[in-house]
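Here is a short tour for a newcomer. Keep the sequence and the 3D view side by side while reading.

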Amino acid sequence: MLKTVFFMSRADFIEKSIADIFPAETALLTMEKVTEALKSGESQSFEFRIRIKDDLKWFESRMVVSGRREVLVILRDIKMEKTEEQLLLLKIKLNDYSYSHKLHESLMKVLDELEAQTESTTSFYHLLDEAQRKIKLHAWRQTL
C-alpha cells in the first residue's frame, strides 16, 4: 500500500527541500520561521493555504528547535476550522448587510458571497408566491 505524506508519497517526500514541496511564498515564510526558531530558541507557528489538485487546503505549521541546527515541524490540517471561521464571519457580514438593504439586494449579496466561497459560476434563488402557491425563480446568474 502506498502511504502519502501531505500530498506526496512518502518516497517522493523524503530528501526534498522546502522549495521542492511548497509554493514559493509558503517556502519563503517557512524558512523565515525556521531561521527565527533557530535564532531565538522559541517555537514558531503560522497558518497557510495551498491548492492541492482542485482543493484549497489550510494548514497550521508549528515548529520547535530539536537540535543545534535542527527544527521539528508539525503540520496540521485546519481546513474545517478555517471554513467554520469564514462561515461565521460571512453570516455576520450578511446579517449586517440585510439591515440596510432590501430583500432582493440581500439575497443577491448572499448569492455573490456563496459563489465566492464555493468557487461556483452559477447561482439562483426561488421564492414562494403565496397567492398562487407556486415557487418562482427570482434570480439566475451564470458567470464564466
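## A starting point in helix α4

Begin with isoleucine 92, which lies in helix α4. This is a predicted model. Isoleucine 92 has a relative accessible area of 44%. That value falls between the 20% limit for buried and the 50% limit for exposed, so isoleucine 92 counts as partly exposed.

Now look across to proline 23. The two residues are 69 apart in sequence. From C-alpha to C-alpha, isoleucine 92 and proline 23 are 32 Å apart in space.

## The aromatic rings

How many aromatic pairs are there? The count comes to 3. In one of them, phenylalanine 22 and phenylalanine 48 have ring centres 5.5 Å apart. Their planes stand at 85°. Planes over 60 degrees apart count as edge-to-face, so this pair is edge-to-face.

Where do the two rings come from? Phenylalanine 22 is in the loop between α2 (18-21) and α3 (24-40). Phenylalanine 48 belongs to strand β3 (residues 44-52). The pair therefore ties together parts that are 26 residues apart in sequence. Are these residues buried or exposed? Phenylalanine 22 has 11% relative accessibility and counts as buried. Phenylalanine 48, at 6%, is buried too.

Phenylalanine 48 also pairs with phenylalanine 46. Here the centres are 5.6 Å apart and the planes meet at 40°, so the pair is tilted. Phenylalanine 46 is buried as well, with a relative accessible area of 8%. One aromatic cluster takes in Phe22, Phe46, Phe48 and Phe59.

## Charges over rings

Two lysines deserve a look. The charged end of lysine 82 sits over the ring of tryptophan 58, at 4.6 Å from the ring centre. The charged end of lysine 109 sits over the ring of tyrosine 97. In that case the distance to the ring centre is 5.4 Å.

## The largest pocket

The largest pocket holds about 400 Å³ of space. Its lining has 19 residues. Nearest its centre lie Ile18, Thr30, Val34, Val71 and Val73.

Which elements build the lining? α2, α3, β3 and β5 (70-77) each supply at least two residues. β5 gives the largest share, with 5 residues. By class, the lining has 14 nonpolar, 3 polar and 2 charged residues.

## The second largest pocket

The second largest pocket holds about 300 Å³. It is lined by 13 residues, and the closest to its centre are Leu56, Trp58, Gln86, Gln117 and Glu119. Trp58 is a residue already met above, with the charged end of lysine 82 over its ring.

At least two lining residues come from each of β3, β4 (55-67), α4 (79-99) and α5 (103-118). The lining of this pocket has 3 nonpolar, 4 polar and 6 charged residues.

## The β6–β7 hairpin

Finally, turn to two strands. β6 covers residues 122-129 and β7 covers residues 134-142. In which sense do they pair, parallel or antiparallel? They pair in the antiparallel sense, over 8 bridges. Within this pairing, leucine 127 has lysine 136 in β7 as its bridge partner.

β6 and β7 form a hairpin, with 4 residues between them. Arginine 133 is in the turn. Its phi is positive, at about 55°.

How values were computed: Residues numbered from 1 in each chain as written. Predicted model: local features only at pLDDT ≥ 70, side-chain atom pairs only at ≥ 80, totals over all residues. Heavy atoms only, no water. Pairing = 2+ DSSP bridges. Phe/Tyr/Trp six-rings, centres within 6.5 Å; stacked < 30°, edge-to-face > 60°. Buried < 20%, exposed > 50% of the residue type's maximum accessible area, 1.4 Å probe, protein only. Lys NZ or Arg CZ within 6 Å of the ring centre and 35° of its normal. 1 Å grid on protein atoms, 1.4 Å probe; cavity = no way out; pocket = protein on both sides within 12 Å on 5 of 7 lines; lining within 4 Å. Points joined across faces, edges and corners; volume = space filled by probe spheres on them. Nonpolar A, V, L, I, M, F, W, Y, C, P; charged D, E, K, R; others polar.
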